[in-house]
Each structure stands twice: as C-alpha cells, then as structure tokens.
Amino acid sequence: MWKEGGFIMPKWTEEQRQAIDGRNCNLLVSAAAGSGKTAVLVQRILDLVMIDGVDIDRMLVVTFTNAAASEMKERIAREMLKASRDYPDKRIELRRQLSLLNRSYIMTMHSFCLKVLRSHFHLINLDPLFRVGKETEITLLKQEALDKTLENFYEKENPAFYKLIECFCDMKSDIWLETNLSKIYYFIQSQPHPIQWLQEQVEQFEADHSSLMKSKWIKELYHILYIRLTGMVYQMERAQSISLEPDGPYVYEPLIEEEISRLKEMADMCSNQDINIFDVIQTFEFKRLPAAKNVDKELKELAQELRTSVKKEITVLKREWFEGGADQWAEDLQKMKEPMEVFRELLEEFHWRFSDIKREKNIVDFNDLEHMALDILSYPEASQYYSERFQYIFIDEYQDSNRVQEALTDRIRREFNVFMVGDVKQSIYRFRLAEPALFIKKQHSFSKDKLALNRRIDLNRNFRSRKEVLTGVNTIFKKIMSTHLGEMEYTDDSMLLSGGVYPEEEAENPIEIHIMDKTKNQDENDQDVFDDWTDQELEAKVTAKRIKESINGFIYDETLSRKKQVQYRDIVILMRSTRPYQQIYEDVLSAEGIPVFTDTGTGFFETIEVQVFINLLKIVDNSRQDIPLLSVLRSPIGGFEVEELSALRLLDKNAPFYKSVEYAYQTHLCPKTVHFVEKIAHWRENLDIGLSEWIWQIMNESGYYAFVASMPGGEQRQANLRILAKRAEEFEVHQEGSLYGFLQYVEKLKGRKGNDFGVAKLIGPNNNVVRIMSIHKSKGLEFPVVILAGAGRGFNLRDTHEKLLVHKDLGLGPICAEPDKRVYRSTIARNIIKEKIRQESLSEEMRILYVAMTRAKEKLMIIGSVKDPFSKWDKWENALHPHQLLRGQSYLDWIGPVLASENELAGEEKGFENIQWLLKIWHKTDLAEIQEDQDNEQKTLKEALRLYPESLPQKDFSYVKRRLEWEYPYIEETNTQTKYSVSDLVSEIRGEHQSSLQSQYPSLIKKPLFLSNDKQISGAEKGTLLHYVIQQIDFRRYEKDKAVMPQLNSMVEKSMISREECSNIEAAQIEIFLESPLGIRMRNSEKCQREWPFVYEKEREHGKTLIQGMIDCFFYEEESIVLVDYKSDVVLNQNLEQLKDKYRIQMNLYQEALETLTKHQVKEKWIYSFFLNKMIPL
C-alpha cells in the first residue's frame, strides 16, 4: 500500500513506525528477539530513498556478516522492483536506485575498511597492490613472528626475561609464553591504540599505597564487595526468619540481627567507597551462638547452615583478598612491574615483527583493516570525505560492536545521522571482543522523548513465538537478569509482548523442563541397562523420546494459515557447545531411527577419511613411522588384511614394524608389500609437480577418493578430502609448499583450539533431518520446536584461572611470583579482574540462554542433569539473589530457582504440570522401563513375522526372516575394555578403576636449559629418575669401581641426565642396594632384565584382555626367575604389611606375565624399599 510517497504496511506497530520515520536525530533501536528489526531497517532505507530522496549509495549500512549484507541488498532490490511495478511514475527513479545499489555501501565493517584503504592508501604509505591474507597464511606468518621474537629474546640473555619465564612458565616448556603472547595480542586489537593501551596498563604497577587506593582496581573492589555483602545479608535474613518460625531457634535472633546490622553497615561503606571497609572486614568476627534447646532440629540446623556459609565467605575474603593489607597489595604489584614490562616489550616486538612480515609480503589481516582505516580517518581529508558522502549511517547488530568500530564510526558521522539497532540481551560474541557496554551506555543516556536529539526506541513486540514461550522467557529473565548478572535490568521495557501471529487455541503448550537424576543406583541387585550410560547418553535418550512423540504433533504454518504435521526439519537441538557431545547424540538418535545432522565448525581432523589420508602423506614424507604406516596398510589404499599384517609382524617381533615391511620388500616375501612400497616410492618421486596437484594425483591413483564415495555419507567424505586439497593449495601459494611443511602446519592446527577447519556442509534447510547446532550458530534463526540440551552442564570458566588475566577496563592482573622463594600468590589486581571476568562471563552465559530460548516458535523443551534433584530443589527455593545466581554453575541453576519460587515439588513426585510449565524428573529406571517396552514391541513384531511370513510382500521370506532375527554374537564384548595397564587393572580389582582414556600429552617444545637450574623435582619424578639410573648402571664397571658416582658423572657428561637430576640421586642408597644379598644375586645372575616392557593376553570373565606393563627387574637363577620391584615410597617398619598388601596384586600380575611369556617359573618375589634400604619378600 502506498500513501504520500511512502510504503505503508498495516502490520507496523507504533514503535516500528517511529523507528522508520524518525529523522534529524541519532536513533538507538533496542529490538528484542523476533521484533522485526531487519524489516524495520529495510523499510527505513526504502523510505529515505523514496520519500526523502536520498540516494542508496549515500548511506553506509554496516552489517555483522557478509551473508546479512547480501540478504539486505536482495530485500531492498525486491521491494524496489515491486514498487516499480506498482507505481509507474516512480519507475525511472527506482531503476536508477537499483543501478546504484550494486555500488552501495551495504557491507560489513571490514569491507568498509577495505574500501577506505583502497581509496586512501597513500595517506599511510600502503602499497596499493596489497591484498587481504587468508586465514591459513596469517596463522603461519604469526607463528613465524612469534618464533623470531622469542629467539631474539633468548639470544639477548636478559635476566629480566629469564625472570618472566620463571614467574609464569613451568619446568617443561615456554609454551605459556607463546600462547599468552598470541592471546593477549589478539585481545588488545579491540583497543583503538593497542600498544599504547598496553603501555598504560603496565605503568599501573608502579602504584604505591596512596595511588593504589585511588585506582580503578579499588573502585571495582568496592562494587564486588557490595554484591557479596548484600548476598550475605540476604542469607542472614533468611536465617533470622527461620529462627522466628514456630519451634524455631528463637534465641539466635538477637545475635543474628546484630550481625545483619553490621553487614549492612559494611555494604553501605562499600556503596560510599569508604576506604575503612578493608580494615573493618579484616577485624570482623562472629560471636558464638547461644544454646538452643527444645526447638525444631531441622530449623535449627538450617539456620546454623545459613549463618555458617556467611562465616566461611568472610573467612575466604580475609584469607584470599585481605591478608597482608593494602601495603602488601602495593608491594606485590611493584614486584611484578619488571616482568610485566618485559612482557610488554615482547608483545611490542612481536607486533612490529608481525607487521614487518606482512608488509614484506604486501598483505593485511582483518585487524589491520580496522586499525589502518582508523589511521587513515585521523586525516581530516579522509574523514571529511566520508562524512560528506554519507547522509545516513546504519549499524546493524550494534550490541556486537567494539571500541575500534565505535571510533571508526565517530570519525565519519555527522552530528545527528546515526541509526543503531540491536538487542543487548543477545550480545553473545565476547570471544570476538564484542563490547555490550557500548550499547548499554547509550541505552541509559538516550531519551525516549520523541523530540530528543539522541533518541531511543524499544521494539518489544515479538512476531516469532507463541505466548507460552514468551511468557516463560519473561518469567525467567525478569527474576534472574540484573545489572550484576546480565549487565542490564530486565524491566517492563525489555519484556517480550506477543505479536499475535498465532490463532488462539484452547490447548495450552507449556515449556517443558526435563531433569535427569544423576544419582547412582546403589542397589547392586537393581542394576539396569542404563547404569553404565553417561549423563549425556541418558539426556540423548530422553531427547530421542520427545522427538518421536513430537513428530506425531502439529504446528501452525503462517504461510498456509493452517496447521501441518511436525517434520524432523522443524526440530533443532541446541547446545552450548556441540563438540564434546555431538557424536553421542548422533549415535543415540540414529539408533532410534531419527535422521540427524550436526552443524559444527569442528571435527574435520577427526573424520576417518582425513586421518587416513594424512597418514598416507606422512609415510610418503617418512615411511619409518609405525602408526601411520599400519593405518594406511590396513586401509583400502594398502588393502592388507589383519592376518597379513600379523605375518609381517612375526618376521621380527623385536624390531619396529617398518623394518618388517622393508625386509618383506627386499626379499619379495609378500607381493602386496612390494606393490605398496613401489607405489609410495612413485608418489615420492612425483612431489616436484606441486603440492596440491600432487595430492589430487594420489587421491585418484590410490582410488581412495572414489572409495570413500561408496562409504556411508560418501558425498560428505569426498567433500572433506576436497577441503584438505584446497588447504594444501592455499599453503602452497603462501609458503614454500613442501610436504613436510604442510604436515607440520596440519599438526599445529590440530593442536590449537579453534583452528579446526570444520567438516564440509552439504545439507540444506529443506533436508528432513533434526539439526544439532551450537546456540551461537542458531542466532538469527528460528525453529518451530527447540530442544535446549545439556542445561545441567557446568559453565566453562577456565579463563579465570590463568596466571595472567587481562581486562579491557582493568588492564593486567598477574600472579605475584617469587621463584627464588618458590612463592606464588594472586595479586589484588588479579583477584579483582578474575571476579570481573567471571561476572562478565556469566552475564554472557545468561544472554546465551536468552538467545537459545527465543529461537523457539511454538515448542520449547529444556533437558539437563543434576544430582539428587529433590535436594537441589530445596536449595533453589531461595536462590534468586544476584549473589546466589552468580554462584550458579549451569543453566538449570538459573531456571530452577525461578520454578522453585513458584511451584512445590514433593520427594515422591516425578514433576508437575500447569499452564506455563511441565516439569518431569527422570530416573534411569524410567528409561529402562521405556527400553523394555520397545524391546518387547520389537520381539512381538519379530515373532509375528516368524509365525506369519506369508504376510510379507517380499518373495524371499527366509532371507527377511534371517535378517530380522540376526543378532551380533559378541555384543557383550563391545562394552568390554580390551586393554589394561597393570595399574588400571589393579585399580579395577580394588574397585577404584578410572577411565584409561584420560591421557597425558607431553609437551613437544624443548625445555631451555636455564629452566632446569635450581628447580625442585617432585617425589614421583625422583622415583622415575631412580628407576632410570638403575636401568643404566653397568654392573661390570661397578665391580671395578665399587662406586656408583663415577657412572652418574658419565651419565651427566653424555646428557643422559642433568646435573640437577644427578644431585637428587642418592648414590649411597643405590650402592647399599647393589651390595645387599639381593643386589649381589642380581649382579651375579646369568641374565638380568631391567625395565622390561610386556604385553600379554589374560583370560577374564568377559573374555580375553590385553595387559601391558613394565617390570623393574627380574633375573634368572638356573631355570627359575627372581622378580624384583623397587619402591621409593615413604614407609615405616611397622607398616611393612600394608606395603606388601598394596603391591601384592601388582606383583602377582607381573609373575603371571613372566611365566606366560618366558615359560619359566617365578620362584621368588621381592620388594626393595629404598626408603628403608630393606629387602621385603612376598
């Protein structure tokens, strides 16, 4: 509809119309989820073109992504074409605007900065032929700059640099330094002048007592203490209320009242920033509670528990924050001034080296685009050019802007021509350096007055979701979101209002909350099939059940104006992070017959086809690598069967496997081996044709590219191999292109978080599958049915545990390290920054929860696991104070208190249902019953097919019958661990077994020698060292020298052990052992084996298991074996029986291994205690 030259849409709300029509002011539009902000933005642009006569290329429209920019251009073009048909008199002008649209400034901020650089490169002496580097290239150049920077500092041998390493790096490597240089370099790029900002932060460490008390750290400390103290007041007031209940411990009330008064006074002191608060906290003491007799025991204990929690918190404050006082705070900061200055110098040199390398190659990265554009716009001729060009500036998703982008806008804006739209409740890109505080600041300073020059408009009417979803969202966030947690109040202006897009229905559609009880089943006689399932598997099982039930339901189709049946494509499973759990959900859902696809940006290097092909590249580069070699031989590329590989292994069991392959090739024992080795040699000879072309040649000649197409998901697998070839091509263009270099690059990507390529995406929106995606990926999307999974998983707050913390406002927060004294403690700056980062991280988690819940159009389900839900419910009933919410560890710790404050849950109940909520508590037995019903249903179906095969439409009834009745004969073995270490098996036998999948990965970075000086090694390290030395002792030389020390010195000279390690070896202890009766027998034996590795097969209850271990020592006497195990445990003579009991099972397993593998009998077993210098028979 057209009126007075403009587009009039009856659906516009009053607030939307104001946002479209507002002129001569700066506009901040706070657009809630589903409020039609993009439609408003497009309509405002169209009205400016058609009503105000502004050319489309005289506007700057900044979008968050390139996809959003393309979509916006398409929408504008579509509306212009429609208008040109409807209004012939406007056709010529609209066609002109359509031609201008192709060169309009509708783009991301990075694209705009690129245009600025292309147009004004001369102002900063930038080569006009520069290009934007690809991610692969930038990663490699950054690593090169890091390596050169560290190498240069090592060469200088600056003591201050060594001190920095001693303060922050461990004994094993300097990986901490490399990681944090890269991380903090990225972090400071959100500052307009990053190096200057870092310099200013380091200067803060010169603070004395007086200046520290006026610093930004202490101002923030007042705020932190205020939140904590008000939370303590809340807890104490609950204790006071309980003490006044009937039969309550009323005698506690006067003392509690007194303590509440004192805590309130302390909170007021924080509010007024009274410097004396720190002394008051340090001297605060609790008096002893009076005796409470003849009162309700539960009320008494509850009151005591609440008061005790406050006492503990005061104790923690004193110990971790206020010990030593302000003078100690200042002294600690001053001690860290020098290490922080060196760190700044390191980072600054890295910055310039990185810049020089990029300039040499004439490339820029995305950070350069912003900072170089900012430098250009500091010249009046450039800033004035863009200020005059753009009559209007639009910034979409303004809540995700940062300080650099804000500075760029400020340099090209006019006084009143900026339109900013976004929703701070959906600011979830903190890891990309987004700063929601910019939006919040304007939200407070801009006025809702229609005549204001800085004007704010709130769009709260939601046109996406049903009223049940909106009411649930409002109910939760009204109670949990605040300036303390969420960084804003969820006021009436923030609440979502229904846009009335759904017809009124009689049936209610409440939000579902499904809570899995994590409590273990203690009754051994009542075990079920799910007892060994993880929490994630059980959640996936419940998810699958609800999906299958939802498929039978109906949803409203607004395009058809009628209901339609739910399809799999209408359902999405949202997770905070998909990577750890996606495979579990895919397996469980697939087993239930539910088609599923995970939309993730990770997992590329974990796919089998990529792993095998990378292993092939590794053996072409260096064939003497057993694991990659076996992987390729067993794959279709090699085509070897297990029996053939076993035969190769038997050629020489003691040599590396590649030696067996070489021998088989040289002797022509195996034609397959000859063919395989010749293929590898052929590919190695062809490397000079270019890396990417060569990789394609191998893919085709090996037949592997064609083979993976025949595997399940073949199209996806081929696409993954194409990605690998594409990355090799990029690497080849920007590096020397060697195979070894590419493999090193791949290994670095695999070892660094966030550098995975992500599997190829071949699925579209119309594929009928359930999608699994992260909440971040779902932003901007909507789905009829949303399942928020993993709501009970703990928040990831690992960033707060770093030795060096950094914050955009509070600067640097290091530990205080005195390595010479081996003293490490947190500085006041680190404590404050840690608390601030924790608060901001939890605030973002709350906004992520808001985004997840507002994706739902019709149905929202939340699924999570907690231990003992009923006990948890009791704690949730009074947990809505910001201080308690800040202690929340999962989304359920925020949703639960809202539900518990309004609803009761009795211990014998399994949930409740009302108009708004459906809560169900799930136990493993519930799922077992469901599984049993499904199994019975399948058995009934199988039996019916067996009894009435003629009812089947297929002709080959016997074939169908065999297929349906077939069961895998070794199903139990699939759940049995097939390989144990001796220690794992001992733990399992004792009932202490832990997963052997938890591996420790050694650092690949060589430790600088100076890091080994004056370092204390642990008891475990001493024990390992002792075993190693005894293994290396030459008995013949000992017979000659009658001393161990000469051999220790030789080991140091040969770099077998370090001088420091040598100083930790008690040579006398070893000599006592060697001169003991056992040591003499060992030295005189005909054959002695030390540190003997073994693997043998053991028959167990569930079948055969491989046992692997390492025997300290055994020797032969005649035809029998004497087994010896050395121990360095601290043990007393009176505890010898305990020591023997501790290692009896282990020694028995060693005996069994020896007798199995050597075919000789073990006649004696000895433990030798180096602590007691004593032989202990077993």
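Is Glu782 buried, partly exposed or exposed? At 37% relative accessibility, Glu782 counts as partly exposed. Here buried means under 20% relative accessible area, exposed means over 50%, and partly exposed lies in between (1.4 Å probe, protein chains only).

The model is predicted: local features need pLDDT of at least 70 and side-chain atom pairs count only at pLDDT 80 or more, while totals for chains, interfaces and linings use all residues. Residues are numbered from 1 along each chain as its sequence is written, and side-chain values use heavy atoms, with hydrogens and water left out.

**Salt bridges**

The whole structure contains 79 salt bridges, a salt bridge being a side-chain nitrogen of Lys or Arg within 4 Å of a carboxyl oxygen of Asp or Glu. Three of these pairs are set out below.

| Pair | Closest N to O distance |
|---|---|
| Glu782 and Arg464 | 3.0 Å |
| Arg546 and Glu512 | 2.7 Å |
| Lys337 and Glu341 | 3.7 Å |

Glu782 and Arg464 form a salt bridge. This pair links distant parts of the chain, 318 residues apart: Glu782 is in the loop between α33 (775–778) and β19 (783–788), and Arg464 is in the loop between β11 (461–462) and α21 (467–480). Helices (H or I, at least four residues) and strands (E, at least two) are DSSP runs, numbered from the N terminus. While Glu782 is partly exposed, Arg464 counts as buried because its relative accessibility is 10%.

A salt bridge also joins the side chains of Arg546 and Glu512. Arg546 belongs to helix α22 (residues 535–550) and Glu512 to strand β13 (residues 511–517), so that pair too links distant parts of the chain, 34 residues apart. Arg546 is buried at 13% relative accessibility, and Glu512 is buried at 5%.

The salt bridge between Lys337 and Glu341 lies within one helix, α16 (residues 337–361), where the two residues are four apart, about one turn of the helix. Both residues are buried. Elsewhere, a network of salt bridges links Glu331, Asp332, Lys335, Glu818, Lys821 and Arg825.

**Strands and sheets**

Strands of a sheet pair through backbone hydrogen bonds, either parallel or antiparallel. Two strands count as paired if DSSP finds at least two bridges between them. Strand β3 (residues 26–31) and β10 are paired in the parallel sense over six bridges. Within this pairing, Ser30 has Asp458 of β10 as its bridge partner. Strand β10 (residues 454–459) is largely enclosed by the rest of the structure, because five of its six residues are buried.

An open sheet of three strands has antiparallel pairing and the order β20-β21-β22. Its edge strands, β20 (804–807) and β22 (823–826), each pair on one side only. Neighbouring strands of this sheet are turned by 20 degrees against each other on average, direction ignored. Such axes are lines fitted to C-alpha atoms, for helices over the stretch in contact, and angles run from 0 to 180 degrees between N-to-C directions. Four bridges join β20 to the antiparallel strand β21 (residues 811–818), and His807 stands opposite Gly811 in β21.

**Cysteines**

How many disulfides does a search of the whole structure find? It finds zero, with a disulfide taken as a pair of cysteine sulfur atoms within 2.5 Å. Cys25 is buried, with a relative accessible area of 5%. Cys670 also counts as buried, at 17% relative accessibility.

**Surface patch**

Leu651, Tyr663 and Leu669 make a nonpolar surface patch of about 290 Å². Patches are made of residues with over 30% relative accessible area and no salt bridge; like charges are joined within 9 Å, and nonpolar side chains (Val, Leu, Ile, Met, Phe, Trp, Tyr) within 5 Å. Accessible areas come from the Shrake-Rupley method with a 1.4 Å probe, and for residues only the protein chains shown count as cover. Leu651 is in helix α26 (residues 642–651) and is partly exposed at 36% relative accessibility.

**Loops**

Gly248 sits in the loop between α11 (216–243) and α12 (253–271) and is buried, with a relative accessible area of 2%. Its C-alpha atom is 9.2 Å from that of Asn294, 46 residues apart along the chain.

Two glutamates have a positive phi value in a residue other than glycine: Glu157, near 55 degrees, and Glu487, near 65 degrees. Glu157 is found in the loop between α6 (135–156) and α7 (159–168) and is exposed, with a relative accessible area of 55%. Glu487 lies in the loop between α21 and β12 (497–498).
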